[in-house]
Amino acid sequence: MRQELMSLPKTLADDVAKNLVMVARLIDEEPERAYAYSKVALRLASRVAAVREAGGFAAYANQKYSEALAEFRAARRMSGSVELWPVMADCERGLGRPEKALDMAGAPEVHKLDKAGQVEMRLVAAGARRDLGQLDAAIVTLQSPELAAGSVQPWTARLRYAYADALLAAGREGEAREWFAKAVEADRDGSTDASDRLAELDGVDFVDALDEEGTDGAEGTDGADEVDEVDEVVVKTAAEAAGVEDAAEVEADDAKADDAKADDAKADRDED
């Protein structure tokens, strides 16, 4: 990404980078704000693949699947990379087109993915099978060397969790409990709620004795102030970079943005 931004004037590159940092910082906890920052970055540098990719992930986090897919396609055309293929397929699922996702799962692009990408594609394909009500097929799709491996990889917890969830949906509760337990063992960073699902199967209820409201009020204030300060600076510098003080320049920028969107839309139609 840094190399791509280096092609921009320094001030503009700095403003774009600040917005992309905010997208990355906020996308998990505050996806709507992340999406707003991604729109600023897109306005400033829509011809940069990393900006289109960030815009895609921000839209995806807000379940704007059509917009996300368009941004991912644009990023892929610009970069030539296939790494976005699984999330593009998942966008097809989000748009109610699981058959299209399955077609993508069988495409030659999958063989060009690294191991993590191939596992992600398997998860998407299994989800598409479940969308179609094909529970047994979803279970078979997830049965793989990666699932059976004893070593823990970044994808292991999510893969085991998806398998356990599919087993439970198929009424195979005993096997599901076993795989939720295995997911807990692999989930070192709490990326799933496998422990809660396991406790639920075991009939365990947890009661939170902490006064969350009181602790929330005492913590996080400084962090929120810091983000707000960054918000103000980023929005101001982004506005200056976009030339919002000059109406004529805004009109020209809007015309260029519309032309760029028209070009991308035509490319998407050609690709389809």
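**Rings, helices and buried residues**

Tyr163 has a relative accessible area of 6%, so this residue counts as buried (under 20% relative accessible area is buried, over 50% exposed and anything in between partly exposed, using a 1.4 Å probe and protein chains only). The model is a predicted one: local features need pLDDT of at least 70 and side-chain atom pairs count only at pLDDT 80 or more, while totals for chains, interfaces and linings use all residues. Residues are numbered from 1 along each chain as its sequence is written, and side-chain values use heavy atoms, with hydrogens and water left out.

As for the overall build, the chain has 16 helices and zero strands. Both are DSSP runs numbered from the N terminus, with helices (H or I) needing at least four residues and strands (E) at least two. Of the 272 residues in the chain, 39% are buried. Taking contacts (heavy atoms within 4.5 Å) with a separation of 6 or more, 56% are between residues 24 or more positions apart. The chain's accessible surface is about 15,500 Å², and carbon and sulfur atoms account for 49% of that; these areas come from the Shrake-Rupley method with a 1.4 Å probe, and for residues only the protein chains shown count as cover.

Back to the rings. Four aromatic pairs turn up in the structure. Rings of Phe, Tyr and Trp (its six-membered ring) pair when their centres lie within 6.5 Å; planes under 30 degrees apart are stacked, over 60 edge-to-face and the rest tilted. Tyr60 and Tyr65 make an edge-to-face pair because their ring planes meet at 75°, with the centres 5.8 Å apart. Tyr60 has 24% relative accessibility and so is partly exposed. Tyr163 and Trp179 also pair edge-to-face, with 5.1 Å between centres and 90° between planes. This pair joins distant parts of the chain, 16 residues apart: Tyr163 sits in helix α11 (residues 156-169) and Trp179 in helix α12 (residues 173-186). Trp179 is buried too, given its relative accessible area of 14%.

Trp179 has a charge to deal with as well: the charged end of Lys182 sits over its ring, 4.0 Å from the centre. The cut-off here is NZ of Lys or CZ of Arg within 6 Å of the ring centre and within 35 degrees of the ring normal. Lys64 does likewise with Tyr35, lying over the ring face at 5.1 Å from the centre.

Helix α4 (residues 49-61) has 13 residues and an expected span of 18 Å, which agrees with the 18 Å between its end C-alpha atoms; the expected span is 1.5 Å times one less than the number of residues. Buried residues in α4 include Ala49, Val51, Arg52, Gly55 and Ala59. After α4 comes Gln63, with a positive phi near 60°.

Helix α6 (residues 85-94) is mostly covered, with eight of its ten residues buried. Among them are Trp85, Met88, Asp90, Cys91 and Glu92. The cover over these buried residues includes α4, α5 (65-79), α7 (98-105) and α8 (115-131). Gly96, just after α6, has a positive phi of about 80°.

Lastly, Thr141 belongs to helix α9 (residues 135-142), and at 18% relative accessibility this residue counts as buried. A polar atom of the Thr141 side chain lies 2.8 Å from the backbone oxygen of Ala137. Leaving out residues up to four places away in sequence, Thr141 touches Arg122, Ala125, Ala126 and Arg129.

Note on methods: A polar contact is a pair of N or O atoms within 3.5 Å; within protein, one must be able to donate a hydrogen and the other to accept it, and residues adjacent in sequence count only if both atoms are side-chain atoms.
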